[in-house]
Amino acid sequence: MLRPYVPLLVLLALSVVNAIFMVVLSTVLSPGGATKVKSAPYESGMTPLGNPRERFSVKFYVVAILFIVFDVETIFLLPWAVSARRLGWAGFAAAGIFIFILTVGLIYEWKKGALEWD
Amino acid sequence: MQQIPLEQALGLSALLFAIGAFGVVIRRNAIILFMCIELMLNAVNLAFVAFSPRSGVQGQVFVFFVIAVAAAEAAVGLAIIISVFRHKESVDIKNFSLLRW
Amino acid sequence: MLLLQEAAVHATSAAAGQAGESFAAFAPWLILALPLLGFVLNGLLSITAARRALPALPPVGDPHWDAHHEPSEQEHHAHGDDAHPAAHADDHGAHGHDAHGHGPKPATHTLPSFIAPGVLIAAFAVAVVNFLRMLAAHPETAWVHEYWSWMPVNDPTGALRVGAAIQLDQLSMLMTLVITGVGSLIHVFSVGYMKEDPGYPRYMAYLNLFVFFMLTLVLGASYPLMFVGWEGVGLCSYLLIGFWFKERANADAGKKAFIVNRIGDFGFLIAMFLLFANLGTLNFAEVMERAPAQMAFGGAVVTAVCLFFFLGAAGKSAQIPLYVWLPDAMAGPTPVSALIHAATMVTAGVYLVARSATLFTMAPVASLVVALVGTATAIFAASIGLKQWDIKKILAYSTVSQLGFMFAAVGMGAYVAGVFHLMTHAFFKACLFLGSGAVIHAMHEALHHTHSDMDAQDVRNMGGLRRYLPVTFWTMGIATLAIAGVPPFAGFFSKDEITGAAWDGAHGQLPLAAGLAKVGIDGTLWFGLIWGALSIAAFMTAFYMGRMMIYTFFGQNRTGEEERKHLHEGSWTLTLPLVVLALASTFGGFLNVEREVPIVRWFDFGQGEALHRWLHPVLAGADQVAEANGIAGAAVEPSAVPIAVAILLGLGGLALAWTMLSRRALRTAAEEPAYANGVERVLYHKYYVDELYDRVVVRTVGWLSRLQAGFDRYVVDGLVDFGGKMSEWLGVALGRFQTGQVNTYAFAILIGVTLVLYAFVHT
Amino acid sequence: MSFFAALGRPEVLDLARQTHYFWALLPEIVLTLGAMLVLIVDVIHKGDRSEPSRGSIPVLTLAVLAATALANTALFGLRDVSANGMVAVDGFRTFTNFVYLVAAALCIAISMGYLERRGIMKGEFHALVLFATLGMMLMGGSRDLIMTFIGLEVMSVPIYVLVGFDRMDPRSSEASLKYFLLGAFSSGFFLYGIALVFGAVGSTNLTYIAETLGTGTDHGHERLLMAGMALTLVGLGFKVAAIPFHMWTPDAYDGAPTPVTALMSTGVKAAAFAAFVRIFAVAFADAGAQWVPVVWWLAAVTMVGANLVALTQGSVKRMLAYSSIAHAGYLLVALLSGGDTGKAAFLFYILAYTVMTAGAFGIVIANSRDGEERVTLEDYAGLGLEKPWLGAAFSIFLLSLAGFPLTAGFLGKLYILRAAVEGGQAQLAVILVLASLVSYFYYLRVIVVMYMRPARSEGWHAGAGLPLAARTAVLAACVVVVAMFFAGAVPMRWAEQSALSLWRQPAPVAASPAPASLFR
């Protein structure tokens, strides 16, 4: 009855094991004790202290959006790359059109100044 | 290898979809509302994948499209929510009733 | 250009195409195109005028109407100096009274005086040419020409084909002559009456547009085309009733007319659908051809079609219960009342029934309903007319009553009599209305000189006017004799033919009587009733018309010392149409004299009954139906009784009015009470029908619409709240149910989803 | 179209050959390139901050639309022999494409002047309109449910942005948020419906679905199919704004910048209806017994409800929103009438409706001033007297919306009524007549106010008006509305041929249900 779910269970188990393994590994391997700076969470260079209600710059958001869009592009390109040879020139042309349209978007963003931090 | 029965997969999909739809009806934070909608879309993705063995591999291809569309929607939707936030300092949809009847 | 080419082509093709007949129409499209051209030109002028004159535009008010309404009295003084001289400067110039110093009028206000009557007279000329040709040829079939395909031709089902087509036959020809002829006269009258109004070009544009639509109504070769005209005249009527729209009552009257007419239009549409569903066509020729074959005689379908058509006709032609808009429509300028609300538009319903004669012959029950409603309207409206004081209101109820006569006629199957009365009524009623316009014009001008706020339309404020307005008096007098049914004036012959038909029916000699017998109804009793009621209505007509004339033109003048000096006849544009119409009211009746009738036997008019012979081809279809069903009327025995009674009643009514009222010392409106006893009170208040409608219909609708107003607010949201309550009950697991706008909408969608899913899974 | 033939266009398309997609998608390709061009040109101009270039963007946009219309004519006379292409190549698509292009062009034209006044003159507006139009064309022309969904999203996402385009106006932002949340919500239902249909039938190809249902093959998943149809109906019902899926409409229409409202109520609705026709009246035609009663109720409730609510509106813009809901009901009647007549009536009416609605919104724009929307009934008092041309044009549009003779709306309604009577939907025809009788009241009320009430104050209407291009567009719309009445046979004939082509799909059933996608 539950046999078809076995792969799912295996996946679940593996991810749990992996998580535990990572945490343990970093504890074991990390040198020295915990200073105040070291125990603070890492936030990509932002200072994590301060009023939690303080506003972020909207730039973070813009970059995040850019990331989403160009990230999703890979879910189309990856399957294409896997079978690029079988799809032939037609497939290549299709992928080319796709990338061309994305490039136009990129040019727009560039010119708009969305890629500059200041 | 034996497959997960279609009924069970569809049941899960329907359950997720219903949770998403109910979330849209009962939550009032715009962002959570949007997350509920994303949940609905992903429930549909599950249904597509579940149908795939029987109806053809396109089902899985559709999922890619849905993910891409969802990403685009997310980008626009979050931008809209930010723009609304600037007026109201809030994302509670209960506060948005300039337009009614 | 295209039209011209079309015309050239069809002129030749029609000449060749009409097998056996030599009738060749002469550019009938011109009859339609000319008023349309007038509308476009005047419309452009009016837009230009509105644009240029905007800052200095004086407040618009009805110079002949506003004093009539209590709320406007104060306003009257406030803007009187602007509005009234504007409306009367035409005569002032000659008499040196006008101190208000209007400069020379701009072209926008002078050109319409030539354009508007010009196009009408030209159209009338074209109509006359066609009439003469038709008279010579007397074609047995209608002349139909499609100018272009209006609704699709290559319809896959091949069902509905409606072209922009003109149908020219004896009936539409007659109507066209009346519309363009009487219309021309009224346009001329309008020049004198309206040319100082700030909205003059707009007025003329509307009037031209009205004529265009009215001609579309009668010349169109199919029901949809007729409907276009039908709606169009409704629109123009609405625009013209509310012409002085700054006065709220006028705008309301316009709305009332429009809304009541919508009810009728609903009937017209349903009738068209039923016809199309059963016959697959809406062109007159095809309908009349297919109807006898495809619908059962006296069957439910044809009866329903006819009744729905009659609902439409009742709306347009002010029959019970939809007559209430017509008296209020008198808020419009008086020439409009004459043209639209007496001579032409309101008779469209009669035209519709006559045009559908074949159908109505097939539906005896529907016909009887038409006749009975017409009769009831005739007597009901006449009784209200007995006790009105406003000269235009008297004429309005008189119009409703006379329309009732026409419906009684066409209902009884006496189509020729109905159309005959339509025509004579157009003459004498237009004459009466224009005459009342001349009276009001004179009264108003006189009152204006002393800045009196007396009501210029109340007959109690008139009296003895025959000394001051001789032409108006004589012409209106002739028209009164005509409407009262005094031989040999026009109304006598047409009304006599109607009562005569009822008499025949009471003796079982009408086709309709035989038709009713066929469906198991004894009609003779009904016809007897109709005859009696119509006779009483005719008597009342004579009485109230006599009363109006006596109060207006005889006895002591009650206008006031100072005002009296300023009472005088208007310019020739006002009097000429009156004279022409009076002549028509005198001689129009001889068109259809029966040769055998004893009293008129002395006159010899060829074979007699010219109108019967003229309209015969149009009614041939109805006759065939009657013959095929074995209900063709027996040879009518001419009887002297109804004629004698008719003459007696007409003269008697006038005589009674004279003996009762001519000695009576009436006081002015301010002093004389509107009614003396209970009966008069009920009559004066028009049986309280308006109040009844207000209570029952208007308030119900108002209540309903408030209900609807609350619908989105309370019901939808209430539903959601209800859903919210339910969820609270359910929602231990789901937590609180929070209503907010987006949630609300999403919930509505979810409810929809549930319903749709349920519907799908359970079918 | 020998011009395109000379360029190498084949007479018969076979979408199994991928190169033929170039011809099948020519208008879409032109529009995509044009939209990207507009986007880039604008952003490059912004680089050198040259203000005069602003005026050239709308012109460029109109040129792109014109080029697309030209490319659209390449579809005339084309036939498609493939069984399972992603796009339909038929007259129906050509016709509806023109409708979207007209809607977009009118939207751009009436936005001139308006955007400057409200301080939102940005090139993105035009690019977004073009992208939304592209979405409409993809949605209305698709022959595959997934393609319909993508088209729907390509259309909707730019519209979400456009609704909130005036960021300084809280109403605009709020409308955008509501429309976005509910739009995404409803497209979730639509997508779920697609998934279930896909599961039940085994394909998302509309032709294949039609054939499968037509042969009556027992696919053994009746319930799945029913649920799928129901949810698809919900998604489309939302986009066409049928009651009870309409509640976003008044808010979104009211808050959006008026040119966007015009586009939403015309182009978006037309595209959703085109997809509706393709999915329900063609693909699910043989399951009519299931969906016709449901859509019948939707149509009836929509017509009655929307007209009743419209009666109570004090804002002209909101009244037009409810009017647009009511018109969705009329169009549903055409769709329900079935047969070629119904489709032809639908096409005729959607064209007439697009022109008259966009024109009406053009007048709403003309009546508003520097950043201030003047949309209440009182704001219109005296407009007819002080601005006779604007008043006359508005009267024509309103009368046409009401269905008054001498206008396209009258003829359109008559065609729908005829189709309904022929198609055995006589009760719906009666409801339609009654509902439009009600609608006379609120349309005429505006006209009455325009002509019969004095303006709020001296010179209240002094600033009302449109720039030349917008004026030309509104005038052209007026002329079309009247011309469609007098020469009704011409567009009707075109609509009929287009409707016929919808049913004459050659499309033999292929053995494989797999769509000829690029990812084969």
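This passage describes a predicted model of a complex, beginning with confidence and continuing with chain architecture, one interface and some unusual backbone geometry.

For the complex as a whole, the predictor gives an ipTM of 0.85 and a pTM of 0.65. Chain A has an average pLDDT of 80, with 79% of its residues scoring at least 70; within this chain, confidence is highest in helix α1 (residues 6-29), at a mean of 90, and lowest in helix α2 (residues 36-39), at 69. For chain B the mean pLDDT is 86, and 93% of the residues reach 70 or more. Among the elements of chain B, helix α2 (residues 30-55) has the highest mean, 92, and helix α3 (residues 58-88) the lowest, 88. Chain C averages 78, and 78% of its residues score at least 70. The elements of chain C range from helix α3 (residues 72-95), with the lowest mean pLDDT of 36, to helix α13 (residues 348-355), with the highest, 92. Two stretches of chain C call for caution in reading: over residues 1-20 the pLDDT stays under 50, and the model has 16 contacts beyond four places in sequence for them, while residues 54-101 are also below 50 and have 75 contacts beyond near neighbours in sequence.

The secondary structure of chain B consists of three helices and zero strands, and its elements follow one another as α-α-α from the N terminus. Of the 101 residues in chain B, 43% are buried, and 49% of the contacts with a separation of 6 or more are made by residues 24 or more positions apart. Chain C, with 763 residues of which 58% are buried, contains 28 helices and two strands. In chain C, residues 24 or more positions apart account for 81% of the contacts with a separation of 6 or more. Strands β1 (residues 143-149) and β2 of chain C run antiparallel and are joined by six bridges, in one of which C:Val144 is partnered by C:Gln167 of β2(C). Strand β2 (residues 163-168) of chain C is largely enclosed by the rest of the structure, because five of its six residues are buried.

The contact between chains C and D takes 46 residues from chain C and 48 residues from chain D. On the side of chain C that touches chain D, at least two residues each come from α2 (29-52), α7 (223-241), α8 (248-279), α27 (689-730) and α28 (741-761), and α28(C) gives the most, with 14 residues. By class, this side of chain C has 32 nonpolar, ten polar and four charged residues.

Most residues other than glycine have a negative phi, and most peptide bonds are trans. The peptide bond from C:Ile320 to C:Pro321 is nevertheless cis, with omega near 5°, and C:Pro321 is placed in the loop between α10 (300-316) and α11 (325-328) of chain C. In chain D, a cis peptide bond with omega of about 10° joins D:Ile243 and D:Pro244, the latter lying in the loop between α11 (222-240) and α12 (248-255). The loop between α11 and α12 of chain D also holds D:Ala241, which is not a glycine yet has a positive phi of about 65°. D:Ala241 counts as buried because 29 other C-beta atoms lie within 10 Å, the cut-off for burial being 20 or more. A positive phi of about 85° is likewise found at D:Leu406, although this residue is not a glycine; D:Leu406 belongs to the loop between α18 (388-402) and α19 (408-422) of chain D and, with 19 C-beta neighbours inside 10 Å, is partly exposed.

Methods
Residues are numbered from 1 along each chain as its sequence is written. Chains are lettered from A and ligands numbered from 1 in the order in which they are written. This is a predicted model: local features need pLDDT of at least 70, side-chain atom pairs count only at pLDDT 80 or more; totals for chains, interfaces and linings use all residues. Two residues are in contact if their C-beta atoms, placed from the backbone, lie within 7 Å. Helices (H or I, at least four residues) and strands (E, at least two) are DSSP runs, numbered from the N terminus. Ala, Val, Leu, Ile, Met, Phe, Trp, Tyr, Cys and Pro count as nonpolar, Asp, Glu, Lys and Arg as charged, and the others, Gly among them, as polar. A residue is buried if 20 or more other C-beta atoms lie within 10 Å of its own, exposed if 12 or fewer, and partly exposed in between; C-beta atoms are placed from the backbone. Two strands pair if DSSP finds at least two bridges between them. pLDDT is the predictor's confidence in each residue, from 0 to 100.
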